[in-house]
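Here is a short, informal tour of one model. Have the coordinates open and follow along.

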Amino acid sequence: MPELARTARDRLDLATLRAVFSLLGVAAALVGSGQLIRLLDLRGMVWSMAVAGLVLMYLPLLVREKDYAEAKPASLGLRKAVATTFRNRAFRIYLAGNTTF
């Protein structure tokens, strides 16, 4: 995410969009699953959702990341990077919310 969104505002917008589309996907699955079970039975619903999920997971491959990202080699070691990351209070709050959802 830091390579695709360079400013704090862009990262916030990207994380927000990711959360919104995640919630929309869950809502569509909850609402649509009942209808699909009625139309296709349980096995048909599972297969149709699996195929739809697979297609949607491969959709980001169509984005040319190199057009948006400016990759630079890391200057911190792994331990120092993890320690620095967990010192960020906003990240800890984000992580708690993301892992409990």
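In which helix is the place of Arg79? Arg79 belongs to helix α2, and with a relative accessible area of 75% it is exposed. Before going further, keep in mind that this is a predicted model. Arg79 also gives us a handle on distance along the chain: Gly25 is 54 residues away from Arg79 in sequence, and the two C-alpha atoms are separated by 35 Å.

**The overall picture**

Stepping back, the protein chain has three helices and zero strands. Read from the N terminus, the order of elements is simply α-α-α. The radius of gyration comes out at 18 Å, well over the 13 Å that the globule rule gives for 101 residues, so the chain is more spread out than a compact globule. If you prefer box dimensions, the C-alpha trace spans about 55 × 30 × 25 Å along its principal axes.

How much of the chain is buried? Of the 101 residues, 5% count as buried. As for contacts between residues at least 6 apart in sequence, 43% of them join residues at least 24 apart.

**Along helix α1**

Helix α1 covers residues 8-58, and several residues in it deserve a look. Start with Arg9, which lies in this helix. Arg9 is exposed, at a relative accessible area of 55%. From Arg9 to Leu40 you move 31 residues along the sequence, and the C-alpha atoms end up 44 Å apart in space.

Arg9 also takes part in a salt bridge, and its partner is Asp13. The closest N and O atoms of the pair are 3.7 Å apart. Why are Asp13 and Arg9 separated by about one helical turn? Because they sit four residues apart in helix α1. Side chains of opposite charge can pair when their charged atoms come close. Asp13 counts as partly exposed, with 33% relative accessibility, while Arg9 counts as exposed at 55%. How many salt bridges does a search of the whole structure find? The answer is one.

Further on in helix α1 is Ser33. Is Ser33 buried or exposed? Ser33 counts as buried, since its relative accessibility is 17% and the cut-off for buried is under 20%. Leaving out residues up to four places away in sequence, Ser33 touches Ala28, Met45 and Met49.

Asp41 is another residue found in helix α1, and its backbone is worth a check. Although Asp41 is not a glycine, it has a positive phi of about 75°. With a relative accessible area of 45%, Asp41 is partly exposed.

**Where α2 meets α3**

Now for the two helices that follow. Helix α2 runs over residues 78-87 and helix α3 over residues 89-100. They pack at an angle of about 85°, and their axes are 5 Å apart. That makes α2 roughly perpendicular to α3, because angles of 65 to 115 degrees count as roughly perpendicular.

Which residues meet at this contact? On the α2 side they are Thr85, Phe86 and Arg87, and on the α3 side Arg89, Phe91, Arg92 and Leu95. Sorted by class, the contact has three nonpolar, one polar and three charged residues.

Helix α3 also holds Asn98, which counts as partly exposed at 39% relative accessibility. Asn98 and Ala19 are 79 residues apart in sequence, yet their C-alpha atoms are 8.8 Å apart in space.

**Pairs side by side**

The three C-alpha distances mentioned along the way are easy to compare in a table.

| Pair | Apart in sequence | C-alpha to C-alpha distance |
|---|---|---|
| Arg9 and Leu40 | 31 residues | 44 Å |
| Arg79 and Gly25 | 54 residues | 35 Å |
| Asn98 and Ala19 | 79 residues | 8.8 Å |

To pull the threads together, this is a chain of three helices and zero strands, more spread out than a compact globule given its radius of gyration of 18 Å. Its one salt bridge joins Asp13 with Arg9, and helices α2 and α3 pack at about 85°.

Terms used
Residues are numbered from 1 along each chain as its sequence is written. This is a predicted model: local features need pLDDT of at least 70, side-chain atom pairs count only at pLDDT 80 or more; totals for chains, interfaces and linings use all residues. Side-chain values use heavy atoms; hydrogens and water are left out. Axes are lines fitted to C-alpha atoms, for helices over the stretch in contact, and angles run from 0 to 180 degrees between N-to-C directions. Angles under 35 degrees count as roughly parallel, over 145 as roughly antiparallel, 65 to 115 as roughly perpendicular and the rest as oblique. Contact means heavy atoms within 4.5 Å. Ala, Val, Leu, Ile, Met, Phe, Trp, Tyr, Cys and Pro count as nonpolar, Asp, Glu, Lys and Arg as charged, and the others, Gly among them, as polar. A salt bridge is a side-chain nitrogen of Lys or Arg within 4 Å of a carboxyl oxygen of Asp or Glu. Buried means under 20% relative accessible area, exposed over 50%, partly exposed in between (1.4 Å probe, protein chains only). The radius of gyration is taken over C-alpha atoms; the globule rule is 2.2 Å times the number of residues to the power 0.38.
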